[in-house]
Each structure stands twice: as structure tokens, then as C-alpha cells.
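Trainee: Could we go through the aromatic pairs and a helix contact together?
Mentor: Sure, pull it up and let's start.

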Amino acid sequence: SGLTGQVKQAVPESATGMVHPPFLSKLEKTSENLDDAIKLGRATLFDKSAVSQQKALSFLTSAAQEIIKNMPKSQGSGKGEGQNQKEDNKNDKKNIMSISELMNMLKNLKNDIDSLTTRQKSLNEEFKENMNFENAESEITRLEKKQDQLAKDTISALDKIPNIFNKTRLPLEIKNAGDFMNKSKNSLSKSNLSESMTYGKEAHLSILSAGDIVNQLMRQVASEQINAIANKAESLANQQSDEAGKSASMAQKGDPEKKAFSESARKTQEQISVETDGLMKMAQQVSENFRDSFPFSANEISDAVQQNADIKPTMKKAGNALLYNKLDKAADLQNKASQKLANFAEQIKTAKKGIPKISQEELLSLLEKINNARSELDASQDQSKKEKGNPSEKAKASKVASAIGQSIKIVGEDIENTELTDMGRALTNMVFDDKAERDFTAAKAILGKTEAIIADYLLKFEIGRRTDFRRKTSSPPEKYKNHVKEYFKALSSE
């Protein structure tokens, strides 16, 4: 396929023989799901398209890991099993580090998008405040310059998207936001503040959606980081178990054989110890990186590292036992170290439970979209009354209901709330016909009910967060609680 060809071209020439079947298979799956997503999107089956997009992203991430894992090793002669193992360990470390770098890139992008969202929202408020001063040329010029700069900053954010995510909807949403900002600027150049405000609202919604996608990607990459650490711990546990078996077996041999074995086994034991120490440091760093975005997971990882701090001393004792040819004792210590590593891997896996199915930022984003949809429905309803059921207003209302319904349905599926899912589906399928007044009332009633469910979910989420943080830390974060308060305060003042 086209994507497969593009990535093959991107692989260094020296690695042409190193592209492994798992990589090719995952790449083909990526391409297949992307094709499905495009076809479903064109057929306006957006929910099914979104599922295919997520599958494509998952396969693409796995393909990238295969590339990292199978990077070509040096071709020097005489490389033994131990050297191969060292190369594998380096690749494991590179894998974890590359995912960490990806997470940092997404966090930086998220900060930029949050700033763009805030700036566009503030500018929209300025548009609203200046609606009665459309003839104030200096004010229009000032707003035009602000919108122009914001459009440029938004388009420049495209360059900060990690290449692996260029096939998601993220670039499209950012580009859409920039396009709407430019349309808003052009309307200002014609002193059409009303039209500019309309485009400004669309820009705000697009950049909100971009932020939602980044949150989704951050959760996925965080899960990959946790998987990488757990997989590495399991690999080291297996290596340590194998060494324990060898030590136990050699304990029954004669002294000359024991001595030869011990010298080789000590080197392998030292290697495993070094790799384990590096893994623990890497896990602690990931915990620190998670602190702001995924505090529950950060605490679980940090706890796992602290509770298994005795692995390294156990391995050191095993090495000393090998030094003095005490192979039975070495085997016992190696088995203990192996079990501790296996337990560590299981503890790390539980950290995935701390990655929510949806972020609070995404729920707040949905609340903003609901508020905007309500305003648009109100405007269409008023216009429809004035023009006695203007078909264009009914079509516009149907489009608004379908768009917000799709967003609600996806969130309902994410948090496994069937009521939200059903209400989102109802809005998506709503067609404003001759009984449009009834439809407007029903649509706004659904929006109100959705708001109440989301607010309740946010409250319960915050209570759970605060309860856990009282157990884990001394200073629970307040930012989400404040976000919710600000949202409903703004809503009540409109």
C-alpha cells in the first residue's frame, strides 16, 4: 500500500534487510484501517470511522516499536550470545526512551494547543463585546491583527506534531482551526464583525477537538510506556530465572567446571544487574513525567520502584556467591531476584488503571461544545420562527444536532454510559422537519440532561481523585475543580 511504501522509503538503506515480518504486518494493518476510516468518513459514518482511526493508530505505534526493537546491530565477527543480549537490552532501553520522548513532545504540543484555545476563546469574547462598534476602524484593525497572529501560531503548531501521528485527525483539526481563523481575519478586513465571530466560534471548536485528540494520544502513549517497562521487567525476570536454573544445574558438577561456569555467569549476572538498575531509574523518571497528567499511575510506578529497591542488593549477593563458587546459594538468590522482578512487572501493569478512559479536559471540552450547540440551536430556532420554518435553518439545526450528538455518543462509549451513548445517537439521527419546534425542544432537553450527567461524572471523578491523593500525598490538585466552577459560572452569566 501507499503507506507501506512511504515507510519503507524512510528506513535507512543499511537496514533494508532488517525490516521484520511483524513490522510489515502491523504496517499493512495500519494502512488497511486508515483506508477503512477514509471510506467510512466519506460515507458520514463518523463513529465507525473513528474506531478505524484508533485501530490504525494502535498498529502504527506497534510498527514504530518494531522498528526501534529491530534496528540493525553492528556486524562484527565473533559476537556471542552475551553480546547479542547486550544489544537487545540497549534496544529495550531505546524503546522506553523513545516513547518517553514521544510523550514529552505531546505534552509540549498540548500546552501550545491549550494556549491557542484560551486565546481564541478570549478573542471571541472581544468580538461579542465589540458587536455594537463595527464602525470603530481602529478597534477592528486591532482585532484583525490579533486574529492574524493567532492563525499563524496555530498553523505553526502543525510542525510540532510527531510524524507518527500525522495520519490521525490531529493535523486536520489544527488546520481547520487555522483556516477558520483566517476566514475570521478576512471578515474583519471587511468590517464584518458578525461573520468574523461565527468563524471564530468554529475555530475555537476545532482547536478544542485538537486538544481532545492530543489527550487521547497521551493516554495511549502512556499505556505504551507502562507496557514497555513491564515487558522489560518480565524479560529480565526470565533471564534471571534462566541463570538460576543454570547455577542450580552446575552446582552438581565438579570444581573445574564450576569455576569456568562461575566466571561466565558472574559477567551475565552483572549485566542483568546493570540493566535492572537502569530499568528502575527509567521507571522513576516515567513516574515523574506522569506526575501532572496521570498522578494515579505516577504514584503506582513510584511505589513499585520503592518497594522493590532490594532487587539490586539481592543480585549483588548472587554475584558474590558466584565469585566463591557457592552455586546453590547463587541459584537461590537468583530465583528470589527473578520473582521480585516478576512482581515488579505485575505492579507496573496495575499502573495502567490510573490512566482514565477519558480526561477531565475532554469532558470540559464537551461541556463547551454543548453550550455552543445550544446557542446555535437557539439562534436557528429564533430565525426559523421569524421566517416561518425556513428549510435552511432546519438543515443547519440538523447539522448542529448531528455534530454534537456524535461527540456525546463517543464520550458515552468511552466512559461506558449507555444513557449518554443513546442520547448522542438520538441527536445524531435527529432531523428537523415540519415539527421543528418540537425537535428544538427535544434537542435542548437532551443537551441539558447530558450536561447534568457530565457534571456528575466530573464531581465523582474529583472526589475519587481527592480521596486517593489524601492517601498518597498531602496536596491534592485543585485545577480541575476550578475549571468546572469557572465553566458553570460562565454558563449562568450568559
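What follows is a short chat about ring pairs and one helix packing in this predicted model.

Trainee: Are the rings of Phe 180 and Tyr 199 stacked or tilted?
Mentor: Their centres sit 6.5 Å apart, with the planes at 25 degrees. Planes under 30 degrees apart count as stacked. So the call for this pair is stacked.

Trainee: Which helices does that pair tie together?
Mentor: The two rings belong to parts that are 19 residues apart in sequence. Phe 180 is in residues 170–189, helix H6, and Tyr 199 is in residues 193–250, so the pair links H6 with helix H7.

Trainee: And Phe 432 with Phe 440, stacked or tilted?
Mentor: Here the centres are 4.9 Å apart and the planes are at 55 degrees. Stacked needs under 30 degrees and edge-to-face needs over 60. That angle fits neither, so the pair is tilted.

Trainee: Is Phe 440 buried or exposed?
Mentor: Buried means under 20% relative accessible area. Phe 440 has 1%, so the answer is buried.

Trainee: Do helices H8 and H10 run roughly parallel or roughly antiparallel?
Mentor: The axes of H8 (residues 255–290) and H10 (residues 311–323) come within 9 Å and cross at roughly 170 degrees. Anything over 145 gets the second label, so H8 relative to H10 is roughly antiparallel.

Trainee: How many nonpolar residues does that contact have?
Mentor: H8 brings residues including Phe 261, Ile 272 and Met 280, and H10 brings Met 315 and Leu 322 among them. Alongside 5 polar and 3 charged residues, the nonpolar count is 9.

Note on methods
Residues are numbered from 1 along each chain as its sequence is written. This is a predicted model: local features need pLDDT of at least 70, side-chain atom pairs count only at pLDDT 80 or more; totals for chains, interfaces and linings use all residues. Side-chain values use heavy atoms; hydrogens and water are left out. Rings of Phe, Tyr and Trp (its six-membered ring) pair if their centres lie within 6.5 Å; planes under 30 degrees apart count as stacked, over 60 as edge-to-face and the rest as tilted. Helices (H or I, at least four residues) and strands (E, at least two) are DSSP runs, numbered from the N terminus. Buried means under 20% relative accessible area, exposed over 50%, partly exposed in between (1.4 Å probe, protein chains only). Axes are lines fitted to C-alpha atoms, for helices over the stretch in contact, and angles run from 0 to 180 degrees between N-to-C directions. Angles under 35 degrees count as roughly parallel, over 145 as roughly antiparallel, 65 to 115 as roughly perpendicular and the rest as oblique. Contact means heavy atoms within 4.5 Å. Ala, Val, Leu, Ile, Met, Phe, Trp, Tyr, Cys and Pro count as nonpolar, Asp, Glu, Lys and Arg as charged, and the others, Gly among them, as polar.
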